[in-house]
Amino acid sequence: MIQVAVFIQDGETPTFLDIQSAPNISVNYNFADVRDPSKRNSSYSHTFKLPFTQNNNQFFQNIYEVNLLTHYFNPQKKTRALIMFNGIPQLQGTLQIKNILTKSKLY
């Protein structure tokens with residue numbers, strides 16, 4: 001089972017986001033080249049979609065609502081994230097919102 005854990009900005013408590021029933025999360029692993037340490041490649045995941053659910057909307061503070069006056073989730077700040085498979089961490093990094101699809105109800 002795939003899980004996406006995120007940490008509230010400036011917080012240490014993880015929140016597990018709801019993912020699609022059949023998630024397609026591709027991960028690229030890069031390893032350091034011992035022959036040339038100046039080249040630093042890092043592992044990353046490709047873009048994946050998160051559904052509008054009560055849990056996800058609460059974490060993102062309903063960021064898609066343009067009429068809201070206050071937003072606590074700041075997309076310009078880094079949000080620590082962790083992708084896990086069967087409870088074992090696979091990739092640690094940051095979560096970035098690239099787009100909000102309001103008609104499809106996806107982040």
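The accessible surface of the protein chain comes to about 8000 Å², and 50% of that surface belongs to carbon and sulfur atoms. The model is a predicted one, and its chain averages a pLDDT of 76, with 67% of the residues scoring at least 70. Confidence is lowest in strand S3 (residues 27-28), where the mean is 64, and highest in S2, where it is 88. Of the 107 residues in the chain, 25% are buried.

## Fold and strand pairing

The protein chain holds one helix and six strands, and these follow one another along the sequence in the pattern β-β-β-β-α-β-β. Among contacts between residues at least 6 apart in sequence, 55% join residues at least 24 apart.

Strand S1 (residues 2-7) is joined to strand S5 (residues 79-85) by five bridges, and the two run antiparallel. S1 is also joined to strand S2 (residues 14-17), again in the antiparallel sense, by four bridges. S5 in turn pairs with S6 over seven bridges, and this pairing too is antiparallel.

Individual residues allow these pairings to be followed from strand to strand. Val-6 stands opposite Thr-15 in S2, while the bridge partner of Val-6 in S5 is Ala-81. Ala-81 for its part stands opposite Gly-93 in S6, so that, with pairing taken as at least two DSSP bridges between strands, a reader can trace the route through Thr-15, Val-6, Ala-81 and Gly-93.

## The nonpolar core

Nonpolar side chains tend to be buried together in soluble globular proteins. In this model the largest nonpolar core has 14 residues, and those with the most contacts inside it are Val-4, Val-6, Leu-17, Phe-48, Leu-50, Phe-60 and Leu-95. At least two residues of this core come from each of S1, S5 and strand S6 (88-95).

Val-6 therefore appears twice in this account, as a residue with a bridge partner in S5 and as one of those with the most contacts inside the core, where a bridge belongs to the DSSP description of strand pairing. Leu-50, another residue with many core contacts, touches Leu-17, Asp-18, Ile-19, Asn-56, Phe-60, Lys-105, Leu-106 and Tyr-107, when residues up to four places away in sequence are not counted.

## Helix H1 and the loop before it

Which residues does Asn-56 contact, leaving aside its neighbours within four places in sequence? They are Leu-17, Asp-18, Leu-50, Pro-51 and Tyr-107. Asn-56 is found in helix H1, and it counts as buried because its relative accessibility is 0%, which is under the 20% limit. Asn-57 is found in the helix as well, H1 spanning residues 54-59, and the side chains of Asn-57 and Tyr-107 are joined by a polar contact of 2.7 Å.

Pro-51 is found in the loop between S4 and H1, and Phe-52 lies in the loop between strand S4 (44-45) and H1. Leaving aside neighbours within four places in sequence, Pro-51 is in contact with Asp-18, Ile-19, Gln-20, Asn-56, Lys-105, Leu-106 and Tyr-107. The C-alpha atoms of Pro-51 and Lys-105, which are 54 residues apart along the chain, are separated by 6.1 Å. Phe-52 and Thr-102 are 50 residues apart in sequence, and their C-alpha atoms are 8.8 Å apart in space.

The table sets out the relative accessibility of residues discussed in this part of the report.

| Residue | Relative accessible area | Class |
|---|---|---|
| Pro-51 | 17% | buried |
| Phe-52 | 17% | buried |
| Asn-56 | 0% | buried |
| Asn-57 | 12% | buried |
| Lys-105 | 53% | exposed |

## Backbone turns with positive phi

Where is Asn-86 found? Asn-86 is found in the loop between S5 and S6, and in the hairpin of these strands, which has two residues between them, Asn-86 takes a positive phi near 55°. Asn-86 has this positive phi although it is not a glycine.

Lys-105 likewise is not a glycine, yet has a positive phi of about 60°. Its place is in the segment after S6, and Lys-105 counts as exposed because its relative accessibility is 53%, which is over the 50% limit. Lys-105 is nevertheless among the residues touched by Leu-50 and among those in contact with Pro-51.

Key: Residues are numbered from 1 along each chain as its sequence is written. This is a predicted model: local features need pLDDT of at least 70, side-chain atom pairs count only at pLDDT 80 or more; totals for chains, interfaces and linings use all residues. Side-chain values use heavy atoms; hydrogens and water are left out. A nonpolar core is a set of buried Ala, Val, Leu, Ile, Met, Phe, Trp, Tyr and Cys residues joined through side-chain atoms within 4.5 Å. Buried means under 20% relative accessible area, exposed over 50%, partly exposed in between (1.4 Å probe, protein chains only). Contact means heavy atoms within 4.5 Å. A polar contact is a pair of N or O atoms within 3.5 Å; within protein, one must be able to donate a hydrogen and the other to accept it, and residues adjacent in sequence count only if both atoms are side-chain atoms. Accessible areas come from the Shrake-Rupley method with a 1.4 Å probe; for residues, only the protein chains shown count as cover. pLDDT is the predictor's confidence in each residue, from 0 to 100.
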